[in-house]
Amino acid sequence: MKFTNIKLVINGISTEMDERILRRHFSAYGEVKHVVVNVKKAIAFVTFVDPSKAQISLQQQHIILGRKVEVRPAKPKVEIGKRKIFVGGLPRSITDEEFKGYFEKFGSIVDAVVIHDKETKRSRGFGFVTYEAEESANLVLRTNFHLLNNKRVEVKKVTPRQEMVPTGFGFPPYYYDPYYQTYFYVVWVPIPGFY
């Protein structure tokens, strides 16, 4: 099977590693098209012109500015909106294995995650499942509610952000909470006598 990925993920970069340093390092393996650096997350993306050069780079150990970094192929962007579902009302005691195990019976899963509170490490009561095939997600969505660990949970199709309908107030009907690293829908309730 021919290697076709031209984009690599570099994990564990230091604050000193900028676009110029990474470009110079990876140019030793072949022509580099783009370099994107996110120092806050200690991650960078390097895009080669030729996929064979990216493959050669993957076979090497990389030490940049005296620091060993992890290099792996980037996952290609694919439309997951029709393959991803939201699961709400999860029991707080549910494990990731139980969650994934239940939804695996509908089809092959790419990713299944229960969202946990960062401080308490307990389930926040919802999660997401991404299937390999849209048909598997549709099979789950035929029923709005499922019984998981003797608790009724609700499933819904995930709506990609670009498809969300604006509220008319000049901003989207959701906001991103960096603490929970998730999006929340905004519900506006008129307060009597406020206007």
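**A guided tour of a predicted model**

Visitor: Does serine 57 count as buried or exposed, and at what relative accessibility?
Guide: Glad you started there! This is a predicted model, and serine 57 has its place in helix α2. Buried means under 20% relative accessible area. Serine 57 therefore counts as buried, its relative accessibility being 0%.

Visitor: Which residues does serine 57 touch, leaving aside neighbours within four places in sequence?
Guide: The helix that holds serine 57 is α2, which runs from 51 to 58. Setting aside the neighbours within four places in sequence, the contacts of serine 57 are Leu8, Phe26, Tyr29, Phe48 and His62.

Visitor: Phe26 also belongs to helix α1, I see. Which residues of α1 are buried, and over what arc do they spread?
Guide: Helix α1 covers residues 19–26, and its buried residues are Ile21, Leu22, His25 and Phe26. They lie on the same side of α1, because the arc they cover around the axis is only 120 degrees.

Visitor: What covers those buried residues of α1?
Guide: The buried residues in question are Ile21, Leu22, His25 and Phe26. Their cover includes one helix segment you have met, α2 (51–58), together with the strands β1 (7–11), β2 (32–38), β3 (43–48), β4 (62–64) and β5 (67–73).

Visitor: What kind of aromatic pair do phenylalanine 26 and tyrosine 29 make?
Guide: A pair of aromatic rings is described by the distance of the centres and the angle of the planes. Phenylalanine 26 and tyrosine 29 are both buried. Their ring centres are 6.4 Å apart and their planes meet at 45 degrees, so the pair is tilted.

Visitor: And how are the rings of phenylalanine 126 and phenylalanine 128 arranged?
Guide: Both residues are buried: phenylalanine 126 has a relative accessible area of 13%, and phenylalanine 128 comes in at 19%. Their ring centres are 6.0 Å apart and the planes stand at 90 degrees, which makes the pair edge-to-face.

Visitor: Which lysine places its charged end over the ring of phenylalanine 128?
Guide: A charge sits over a ring if, among other conditions, NZ of Lys is within 6 Å of the ring centre. Over phenylalanine 128 the charged end lies 5.1 Å from the centre, and the residue is lysine 84. Elsewhere, lysine 7 lies over the face of phenylalanine 45, at 5.0 Å from the ring centre. For phenylalanine 128, then, the name you want is lysine 84.

Visitor: How many aromatic pairs does the structure hold?
Guide: The pairs include the tilted one of phenylalanine 26 with tyrosine 29. There is also an aromatic cluster made of Phe99, Tyr102, Phe103 and Phe106. For the structure, the number of aromatic pairs is nine.

Visitor: Which residue forms a salt bridge with glutamate 19?
Guide: Side chains of opposite charge can pair when their charged atoms come close. The partner lies in helix α1 like glutamate 19, four residues apart, about one turn of the helix. Glutamate 19 is partly exposed at 33%, and its partner has a relative accessible area of 28%. With the closest N and O atoms 2.7 Å apart, the partner is arginine 23.

Visitor: How far apart are the closest N and O atoms in the salt bridge of arginine 72 with glutamate 70?
Guide: A search of the whole structure finds two salt bridges. In this one, both ends are partly exposed, arginine 72 at 33% and glutamate 70 at 44%. The closest N and O atoms of arginine 72 and glutamate 70 are separated by 3.7 Å.

Visitor: Which residues of helix α4 are buried?
Guide: Helix α4 spans residues 134–141. What covers its buried residues includes β6 (84–88), α3 (96–104), β8 (123–131), β9 (145–148) and β10 (151–157). The buried residues themselves are Ser136, Ala137 and Val140.

Visitor: What is the phi of lysine 121?
Guide: Most residues other than glycine have a negative phi, and most peptide bonds are trans. Lysine 121 lies in the loop between β7 (109–116) and β8, and is exposed with a relative accessible area of 59%. Lysine 121 is not a glycine, yet its phi is positive, at about 65 degrees.

How values were computed: Residues numbered from 1 in each chain as written. Predicted model: local features only at pLDDT ≥ 70, side-chain atom pairs only at ≥ 80, totals over all residues. Heavy atoms only, no water. Buried < 20%, exposed > 50% of the residue type's maximum accessible area, 1.4 Å probe, protein only. Helix = DSSP H or I, 4+ residues; strand = E, 2+ residues; numbered from the N terminus. Arc of directions from axis to C-beta. Contact = heavy atoms within 4.5 Å. Phe/Tyr/Trp six-rings, centres within 6.5 Å; stacked < 30°, edge-to-face > 60°. Lys NZ or Arg CZ within 6 Å of the ring centre and 35° of its normal. Salt bridge = Lys/Arg side-chain N within 4 Å of Asp/Glu carboxyl O.
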